[in-house]
Amino acid sequence: MAEQKVKIVAECVCDLPTNWLKAHNVDIVYFTIETDRGVFFDTREITSDNVISYMLADGKKAHSSAPEPYVYKDAFEKNLTEYDEVILVAISSGISLSCENAAKAVEQLGENSKHVHVFDSGHLSSGLGHLVIKAAQMAENGHSASEILAALEALKNKVSTSFIAESVDYLYRNGKVSEKVKKICTAFNIHPILVMKNGVLTLKSVTRGDYRKACKRYIRKTLSNTKSIEKNTAFITQAGCNTKMIEQIKAEVSKNCDFENLIVTKASATVSSNCGPNSFGVIFIEK
């Protein structure tokens, strides 16, 4: 039997560097960001810095949307002209219509539908990115679609995706927390810590006081069980953090866990519009 040629498709919200995606032959479909100034393709026409500046200046919200079914259909059909199988590694269905829209696209492919696979990652941002990396590497090494999907299924529950946000204001603007919660958090200088659990972004805990100290507490607690952490690669995924803050975060992460590859990446506008400036996550794989 001839070796399958498998194409990996991902969404821009995987928050992987563009040069890496190109180098590893990963095709990208784009979420959109809607503001009162127009609708923009996330990461291609609008960045996290753009959307944060817009929200800071105008005090408004920015609405993100998953690609429409026709966008996925176009991507699938294009890649099936050259590849035997296509795998979409998608953002969690618990927080986006991505998987639903992609499934609708697959239904429209007729006979080709059996050659397209939509994998629900259960994650977002660089947690999703870890799974995209795994899929792309396996595809490059000649693994079949079934082998890649089985490996992703085994890996998804080992990925740790969490974030700390300086303020709940952006979560409130986009309907993620109530006005009551916002008022309490603002009054007591409370910073939320969010984690992906069972495919949903949930409030894991909160921490109070000076944000710089709160960030250190988040890092220490997140990396407290170093024996259970794979040391190969971790991401620091940030939204609106300045250079000094990023260096401080890197130093604190390195002090608590010795990762072989510690990669700083910028969150997409979709993620940033919900978490706001000075937010970041330490995202890694557990053993």
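What share of the 287 residues in the protein is buried? The answer is 51%. Hello everyone, and thanks for coming. Before we go on, please keep in mind that this is a predicted model.

Let's start with the whole chain. The protein has 11 helices and 14 strands. Its C-alpha trace spans about 60 × 45 × 30 Å along the principal axes. How does the radius of gyration look for 287 residues? A compact globule of that length would come out near 19 Å, and the protein has 19 Å, so the two agree. There is also a nice number on how the chain folds back on itself. Take the contacts between residues at least 6 apart in sequence: 75% of them join residues at least 24 apart.

Now for some helix packing. Two packed helices are described by the angle between their axes and the distance between the axes. I have two pairs for you.

The first pair is H3, residues 69–80, and H4, residues 98–107. Their axes come within 8 Å and cross at roughly 55 degrees. With that angle, H3 is oblique to H4. The crossing of H3 past H4 is right-handed. Which residues of H3 do the touching? They are Pro69, Tyr72, Lys73 and Phe76. On the H4 side, their partners are Ser98, Asn101, Ala102, Lys104, Ala105 and Val106. If you sort the residues of this contact between H3 and H4 by character, you get 6 nonpolar, 2 polar and 2 charged.

The second pair is H5, residues 125–140, and H6, residues 145–156. Here the axes come within 10 Å, and the crossing angle is roughly 155 degrees. Why do we call H5 roughly antiparallel to H6? Angles over 145 degrees count as roughly antiparallel, and the angle here is roughly 155 degrees, so H5 gets that label relative to H6. H5 and H6 also make a right-handed crossing. From H5, the contact uses His130, Leu131, Lys134, Ala135, Met138 and Ala139. From H6, it uses Glu147, Ile148, Ala151, Leu152, Leu155 and Lys156. The residues in this contact of H5 with H6 divide into 8 nonpolar, 1 polar and 3 charged.

Let me finish with three single residues you can click on.

Go to Ser48 in helix H2, which covers residues 48–58. Is Ser48 buried or exposed? Its relative accessibility is 1%, so Ser48 counts as buried. Beyond its neighbours within four places in sequence, Ser48 is in contact with Lys266, Ala267, Ser268, Ala269 and Ser272.

Next is Ser160, which sits in strand E8, residues 159–160. Ser160 has a relative accessible area of 13%, and that makes it buried. Not counting residues up to four places away in sequence, Ser160 touches Val282, Ile283, Phe284 and Glu286.

Last comes Lys231, in the loop between helix H9 (211–222) and strand E12 (233–239). Lys231 is partly exposed, at a relative accessible area of 25%. Which residues does Lys231 contact, leaving aside neighbours within four places in sequence? They are Thr226, Cys257, Asp258, Phe259, Glu260 and Asn261. For Cys257 we also have a C-alpha separation from Lys231, which is 7.8 Å, although the two are 26 residues apart along the chain.

That's my tour. I'm happy to pull up any of these spots on the screen.

Technical notes. Residues are numbered from 1 along each chain as its sequence is written. This is a predicted model: local features need pLDDT of at least 70, side-chain atom pairs count only at pLDDT 80 or more; totals for chains, interfaces and linings use all residues. Side-chain values use heavy atoms; hydrogens and water are left out. Axes are lines fitted to C-alpha atoms, for helices over the stretch in contact, and angles run from 0 to 180 degrees between N-to-C directions. Helices (H or I, at least four residues) and strands (E, at least two) are DSSP runs, numbered from the N terminus. Angles under 35 degrees count as roughly parallel, over 145 as roughly antiparallel, 65 to 115 as roughly perpendicular and the rest as oblique. A crossing is left-handed if the near helix is turned anticlockwise from the far one by less than a right angle, and right-handed if clockwise. Contact means heavy atoms within 4.5 Å. Ala, Val, Leu, Ile, Met, Phe, Trp, Tyr, Cys and Pro count as nonpolar, Asp, Glu, Lys and Arg as charged, and the others, Gly among them, as polar. The radius of gyration is taken over C-alpha atoms; the globule rule is 2.2 Å times the number of residues to the power 0.38. Buried means under 20% relative accessible area, exposed over 50%, partly exposed in between (1.4 Å probe, protein chains only).
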